[in-house]
Amino acid sequence: MRILTNLIPFLFLLISCPSFSAEEYADQKVVYHINYDDPKRISATFSNIANHINQLGEEHITIKAVIHGPAIKYFIEASHDDAKQIALDSLRLSNVQFIICRNSLDGFNVTREDLYEVEAEDVVQAGLPEIVHLQQQGYFYVRP
């Protein structure tokens, strides 16, 4: 009985203490850097992005993913790969913006029309300066 008497105040404190509740996050702006040609790694990155959105909620996060270098191949392949289209569309439906590097398009000798669902406003001249520009606007940098 004595143990129970000593335990009750601790349990009350544990239940009522806000520091033990689920952590709340401030709104976030994040730039994901994707420049690799590994479909498994890209898929894992997309899972990270989806988990990030699910944790904060779409209304509390802004995500931009800068795509350059060999990652351009994923968007080329998506133009005829239903699974890749679904992966991209599901993130776009959660307001993820994919930003495409024009220098990479030139390097792979393709145009934005060769990629799956890329609009003119999604293309910037150079990916890395765009990442720095976004960081200067308060975006946090993530490179899974």
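## Helix α6, salt bridges and positive phi angles

Just after α6, Gly138 takes a positive phi of about 100°, and this value, like the others discussed here, comes from a predicted model.

Student: Which residues of helix α6 are buried, and on how wide an arc do they lie?

Tutor: Helix α6 spans residues 127-136, and its buried residues are Gly127, Glu130, Ile131 and Leu134. They are on the same side of α6, because around the axis they cover an arc of only 105°.

Student: Which residues are exposed on the other side of α6, and which strands do the buried residues of α6 pack against?

Tutor: The other side of α6 carries the exposed residues Pro129 and Gln136. The buried residues of α6, by contrast, pack against β1 (28-34), β2 (61-67), β3 (97-101), β4 and β5 (140-142).

Student: Is His68 buried or exposed?

Tutor: His68 is found in the loop between β2 and α3, and, leaving out residues up to four places away in sequence, it touches His33, Ile34, Asn35, Cys101, Ser104 and Leu128. Its relative accessibility is 12%, and since buried means under 20%, His68 counts as buried.

Student: Which residue forms a salt bridge with Asp37, and how many residues apart are the two?

Tutor: The partner of Asp37 is Lys73, and the closest N and O atoms of this salt bridge are 3.1 Å apart. The pair links distant parts of the chain, with Asp37 in the loop between β1 and α2 and Lys73 in helix α3, so that the separation is 36 residues.

Student: Is Lys84, the salt-bridge partner of Glu77, buried or exposed?

Tutor: In the salt bridge between Glu77 and Lys84, the closest N and O atoms are 2.3 Å apart. Glu77 is partly exposed, because its relative accessible area is 30%. Lys84 has a relative accessible area of 12%, and therefore Lys84 is buried.

Student: Where do Arg92 and Asp89 lie?

Tutor: Arg92 forms a salt bridge with Asp89, with the closest N and O atoms 4.0 Å apart. The two residues are three residues apart, about one turn of the helix, and both lie in helix α4.

Student: What is unusual about the phi of Asn109, and where does this residue lie?

Tutor: Most residues other than glycine have a negative phi. Asn109 is not a glycine, yet its phi is positive, at about 55°. Asn109 counts as exposed because its relative accessibility is 71%, and its place is the loop between α5 (102-107) and β4 (123-124).

Key: Residues numbered from 1 in each chain as written. Predicted model: local features only at pLDDT ≥ 70, side-chain atom pairs only at ≥ 80, totals over all residues. Heavy atoms only, no water. Helix = DSSP H or I, 4+ residues; strand = E, 2+ residues; numbered from the N terminus. Buried < 20%, exposed > 50% of the residue type's maximum accessible area, 1.4 Å probe, protein only. Arc of directions from axis to C-beta. Contact = heavy atoms within 4.5 Å. Salt bridge = Lys/Arg side-chain N within 4 Å of Asp/Glu carboxyl O.
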